[in-house]
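Subject: Structure for you to look at

Hello,

Here is the structure you will be working on. Please open it alongside this message and follow the notes with the residue numbers at hand.

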Amino acid sequence: MDVEFAHLSDPGKQREHNEDYLGHVVPASPARARSHGWLFVLADGVGGSEKGEVASQAAVEHLTAGFREASAFEGLSALLMRLAQEANVRIYEAGRSHSPGGASMATTLVASAFRYDRVVVAHAGDSRCYLIRGGQARSLTSDHTVAQEQARIGLLTAKEASEAPTRHVLSRSLGNDLFVNIETNDIQVYPGDVLLQCCDGLYHSVESSEMAAVAGADGDLSVAARRLVDIANDRDGSDNISVQLIRVRSVERVGLYRGRPYKLR
């Protein structure tokens, strides 16, 4: 597999500091790409919590360090869930040990790991990952908010959830509780696919159709990232704005025999 990527984080027009944090792991060789793969992580420190920027940085740094140190060919879903839960415990304990009165600090998390011809997306909170394919963008994640949880069990309609006052209240995040339920999604990817990871500061101002139009074309991803952030700032800019764009250049189709990969012709 081969990918190209770009990312950008902006504090927005009204915030004095940026509580978002981005990270990635690029394999140093083709052999490392096969045994470990690529990782992209985005975290949005929860507004209103103490030291949200500390929580987001801790989450990203733990996942990237753990990904680099992982055993060769470790399953990506299990690996991301393990690393995210470890990061959650660290943030939870740090928040209660060092903040006045034991106040917590928390962060959202979305991470995508690529290997061979697949991507595994893991997330907690309302940061999102979109797949752009064929000129359209669809979300690979479901927001972990009180309103969306109520919509999933039929207490609210989709329209009601989009307008409810609890649409911004997180039902899951790293650091809020000792255990967090990490949601994962494993899909096959194809050359030309683009994955877009972002915080709510972007998708609250930029429609998915606009994301596909800006980032889906075969152009410079850095220019596309800048354009998306500029659109969000022009329309609102009241929150931090972060985006990661990952374009799949090529894939290697494999099968598994007794847990070991082999190349498919």
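Helices H7 and H8 cross in the right-handed sense. Please keep in mind that this is a predicted model. Two packed helices are described by the angle between their axes and the distance between the axes. For H7 and H8 the angle is about 145 degrees, and the axes lie 9 Å apart. On the H7 side, the residues that meet the other helix are Glu-210, Met-211, Val-214 and Ala-215. Their counterparts in H8 are Leu-221, Ala-224, Arg-227, Leu-228, Ile-231 and Arg-235.

Next, the sheet. Five strands make up an open sheet with antiparallel pairing, and their order is S1-S10-S9-S6-S7. Strand S1 (2-10) and strand S7 (136-139) are its edges, since each of them pairs on one side only. On average, neighbouring strands here are turned by 20 degrees against each other, with direction ignored. At the S7 edge, strand S6 (residues 128-133) is joined to S7 by four bridges, in the antiparallel sense. One pair to find on screen is Arg-133 and its bridge partner in S7, Gln-136.

Both helices from the opening paragraph also meet this sheet. Helix H7 (residues 208-215) packs on the sheet and touches S6, S7, strand S9 (194-198) and strand S10 (241-250). The direction of H7 makes about 55 degrees with that of S6. Helix H8 (residues 221-235) lies across S1, S9 and S10, and runs at about 150 degrees to S10.

Now turn to strand S3. How many of the seven residues of S3 (residues 38-44) are buried? Seven of the seven are, so the strand is mostly covered; buried here means under 20% relative accessible area. In a regular strand the side chains alternate between the two faces of the sheet. In S3, Trp-38, Phe-40, Leu-42 and Asp-44 are on one side, Leu-39, Val-41 and Ala-43 are on the other, and all of them are buried.

S3 has two partners to look at. Strand S2 (residues 20-25) runs antiparallel to S3 and is joined to it by six bridges; within this pair, Gly-23 stands opposite Val-41. Strand S4 (residues 109-115) also pairs with S3 in the antiparallel sense, over five bridges, and Ala-113 in S4 is the bridge partner of Leu-39.

Leu-39 and Val-41 appear again in the largest nonpolar core, which has 27 residues. They are among the members that touch the most others, together with Leu-63, Phe-67, Leu-109, Leu-174 and Ile-182. The elements giving two or more residues to this core are S3, helix H2 (52-69), helix H3 (76-98), S4 and strand S5 (118-124). H3 supplies the largest share, seven residues. Another core, of 23 residues, lies apart from this one and includes Ile-132, Val-194, Leu-202 and Tyr-203.

Last, a single residue. Ser-35 is located in helix H1 (residues 30-35). Is Ser-35 buried or exposed? Its relative accessibility is 10%, and the cut-off for buried is under 20%, so Ser-35 counts as buried. The side chains of Ser-35 and His-36 are joined by a polar contact of 2.8 Å. Leaving out residues up to four places away in sequence, Ser-35 touches Ala-72, Phe-73 and Arg-115.

Regards

Methods: Residues are numbered from 1 along each chain as its sequence is written. This is a predicted model: local features need pLDDT of at least 70, side-chain atom pairs count only at pLDDT 80 or more; totals for chains, interfaces and linings use all residues. Side-chain values use heavy atoms; hydrogens and water are left out. Buried means under 20% relative accessible area, exposed over 50%, partly exposed in between (1.4 Å probe, protein chains only). A polar contact is a pair of N or O atoms within 3.5 Å; within protein, one must be able to donate a hydrogen and the other to accept it, and residues adjacent in sequence count only if both atoms are side-chain atoms. Contact means heavy atoms within 4.5 Å. Two strands pair if DSSP finds at least two bridges between them. Axes are lines fitted to C-alpha atoms, for helices over the stretch in contact, and angles run from 0 to 180 degrees between N-to-C directions. A nonpolar core is a set of buried Ala, Val, Leu, Ile, Met, Phe, Trp, Tyr and Cys residues joined through side-chain atoms within 4.5 Å. A crossing is left-handed if the near helix is turned anticlockwise from the far one by less than a right angle, and right-handed if clockwise.
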